[in-house]
Every structure is written in C-alpha cells, then in structure tokens.
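Reader: I'm new to this one and would like a close look at a single part: the aromatic rings. Could you walk me through how they sit together, starting from the overall layout?

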Amino acid sequence: MAENKRTSGGPLLPEQFFDFYSPQEAKEMLWKWFSATVTDGFSKLSSIEKENILSLYERLNQLLDGVNGSAKSKPEDHE
C-alpha cells in the first residue's frame, strides 16, 4: 500500500484523484476498509493502514465535491 497521502484541499476532478491513487490501489483500499468494518476488524489495522483509509475517504469526498461542482456548473437538461 502507498504511504500516507492525507492532505486538506479543495474539490478534485477524476483525473486529479487518480494522481493520488491508481484504480487498483483504490479498489484494494476500499475492500480493506469495507471488510474491516463488516468483520469488526478495524481495530486490528495498523495506524498506517487507518491513516491510509482516512486519506482515501478524504480524497473520495473531494472527488464527489469536484464532480458535484462541475455538474452544478452545467446547464440542466430538463426544465
């Protein structure tokens, strides 16, 4: 897994998100996050793994803000 990538920042576009995570790395981290949550294994993760999951969450949140912001700037298709 990659080193801690936590930073604060504004919205991200998809291509910016993938500057931080490859698609495969993001999938692996999402699976680790999901499986640790479902199996109550989060406490067994190392502090680095927890930081990496937190970083992924923050980047996904920025990505959603970026996509939402770009969608708001586009004209509506329906009236």
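Author: Going from the N terminus, the elements run α-α-α, which fits the count of 3 helices and 0 strands. Keep in mind that this is a predicted model. The chain has 79 residues, and 24% of them count as buried. Among contacts with a separation of 6 or more, 72% link residues 24 or more positions apart.

Now for the rings. There are 4 aromatic pairs in the structure. Take Phe17 and Phe18: their ring centres are 5.2 Å apart and their planes meet at 85°, and since anything over 60 degrees counts as edge-to-face, that's what this pair is. These neighbours differ in cover, though. Phe17 has just 3% relative accessibility, so it counts as buried, the cut-off being under 20%. Phe18, with a relative accessible area of 42%, is partly exposed.

Over at Trp31 and Phe34, the ring centres lie 5.7 Å apart with the planes at 40°, so this pair is tilted. Both residues belong to helix α2, which covers residues 23-38, and they are 3 residues apart, or about one turn of the helix. Trp31 counts as exposed at 56% relative accessibility, while Phe34 is partly exposed with 49%.

Back to Phe17 and Phe18: together with Tyr21 they form one aromatic cluster. And Phe20 has a charged visitor, as Arg59 lies over the face of its ring, 3.5 Å from the ring centre.

Conventions: Residues numbered from 1 in each chain as written. Predicted model: local features only at pLDDT ≥ 70, side-chain atom pairs only at ≥ 80, totals over all residues. Heavy atoms only, no water. Helix = DSSP H or I, 4+ residues; strand = E, 2+ residues; numbered from the N terminus. Buried < 20%, exposed > 50% of the residue type's maximum accessible area, 1.4 Å probe, protein only. Contact = heavy atoms within 4.5 Å. Phe/Tyr/Trp six-rings, centres within 6.5 Å; stacked < 30°, edge-to-face > 60°. Lys NZ or Arg CZ within 6 Å of the ring centre and 35° of its normal.
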